Amino acid sequence: MYFVTFKSTTQQRSTKKQVEDAIREMEQEISDLMKRSTEVEKLSLSEDHLHLLQSVQSLNIHHPPPTKDWSQVSVPPASHEGTVRRAVSQLEETLSNMMKTLVAEVEMKRVQKFAVDVTLDPETAHHDLILSDDGKQVKHAQVQQPRLPDNPRRFSSCLCVLGTQKFSSEKLYYEGQVKQKTEWYLGVTRESASRKGPISPSPENGYWTICLRNGNEYEAADDPPVVLSLRSRPQKVGVFVDYEEGLVSFYDVEAAALIYSFTGCSFKEKLLPFFYPGRYLDGINSAPLIISPVGVN
């Protein structure tokens, strides 16, 4: 009996030491990740874009620092082993999610630095659209509106409107609130793109957009169209354009998540912000599409 008790006590001490060693190692990993988090947070505030690029490359933020595979860690059988394993697994998942979130937030802050003040151009709006006085909101009218004077800039058939601002050889970013909407398009278009008759938004036709249709179908209007599987329903969509790089990216602002990017685009003329608030649909889609101030929730 004395021998059995001694062996059991020795095993318990060994198990306790292994658990304590593992906890210390995990705490060190957490400390290292928190330090890295602070470095990346400071980096996101930098106004020097060359320094930002060089620092991102040195930190390699898109690849988290190596951490131990805690799923392979084991301790001698003990009554609390299952609890330890669950705790370790949850901690590992938390650390991974923390790094992914951190990288996404840094990228979100980076593109938001290129925010521009966008207003809607009433001279381009389809006659059945209602624009707010400040040029920041647009929606489809509940009843048909009197026809406006036609001009080469106005959309004749599609319920679309453009921003007044034209951009070339620069970066730009704006946000559109699509909360409570079941149908919308957002993006940019080249100045010469067709505005008369039916419009088929695609890069080939000079439109770089994403959309929501039928309440829950998200799509990038690429060539060919790309169905988007999103984890959450975007309430606010960020649109970022890098003219020189030929890039148009869309973000779920609240989730700080990239939705889709058009790459390798060839922009040979000025671009304008593009908006389609969708049809009224018996009130289902009556909420306006709103150009939101960047950084305001």
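Which residue is found in the loop between E5 and E6? Keep that one in mind; we'll come back to it after a look at the strands on either side.

**Before you click**

This is a predicted model, so colour it by pLDDT to begin. The protein averages a pLDDT of 82, and 68% of the residues score at least 70. Now select residues 1-7: pLDDT stays under 50 along this stretch, and the model gives it 0 contacts beyond four places in sequence. Where pLDDT is low, the predicted coordinates should not be read in detail. Hide that segment if you like and move on.

**Stop 1: the sheet of 6 strands**

Bring up the open sheet that runs E3-E12-E5-E6-E7-E8, with antiparallel pairing. Its edge strands are E3 (161-162) and E8 (226-228), each of which pairs on one side only.

Next, select E5 (residues 184-190) together with E6 (residues 207-213). These two run antiparallel and are joined by 6 bridges. Show the side chains of Leu186 and Ile210: Leu186 stands opposite Ile210 in E6. Then pick Val188, whose bridge partner in E6 is Trp208.

Stay on E6 and switch on a surface. Is this strand largely enclosed or left open by the rest of the structure? It is largely enclosed, because 6 of the 7 residues of E6 are buried.

**Stop 2: round the hairpin**

Follow the chain out of E6 into E7 (residues 217-220). Here 4 bridges hold the antiparallel pair together, and Arg213 stands opposite Glu217 in E7. E6 and E7 form a hairpin with 3 residues between them. Click on Asn214 in that turn and check the backbone: its phi is positive, at about 55 degrees.

**Stop 3: back to the opening question**

Go to the loop between E5 and E6 and select Ser202, the residue we were after. Ser202 has a relative accessible area of 5%, under the 20% cut-off, so it counts as buried. To see what surrounds it, display Tyr207, Ala221 and Asp223: Ser202 is in contact with these, leaving aside its neighbours within four places in sequence.

**Stop 4: another loop serine**

Now jump to Ser156, in the loop between E2 (137-140) and E3. Is Ser156 buried or partly exposed? At 28% relative accessibility, Ser156 counts as partly exposed. Add His126, Arg195, Lys196 and Gly197 to the selection, since Ser156 touches them, not counting residues up to four places away in sequence. Try a distance label from Ser156 to Gly197: they are 41 residues apart in sequence, yet 5.9 Å apart in space, C-alpha to C-alpha.

**Stop 5: the sheet of 7 strands**

Finish on the open sheet ordered E1-E2-E13-E4-E9-E10-E11, with antiparallel pairing. At its edges stand E1 (129-131) and E11 (257-262); each has a single partner strand, so one side of each is left without a neighbour in the sheet. Turn the view and look along the strands: the twist averages 20 degrees from one strand to the next.

For a last close-up, select E4 (residues 171-177) and E13 (residues 289-292). They run antiparallel and are joined by 3 bridges. Within that pair, Glu175 stands opposite Ser292 in E13.

Methods: Residues numbered from 1 in each chain as written. Predicted model: local features only at pLDDT ≥ 70, side-chain atom pairs only at ≥ 80, totals over all residues. Heavy atoms only, no water. pLDDT = per-residue confidence, 0-100. Contact = heavy atoms within 4.5 Å. Pairing = 2+ DSSP bridges. Buried < 20%, exposed > 50% of the residue type's maximum accessible area, 1.4 Å probe, protein only. Axes fitted to C-alpha atoms, helices over the stretch in contact; angles between N-to-C directions.
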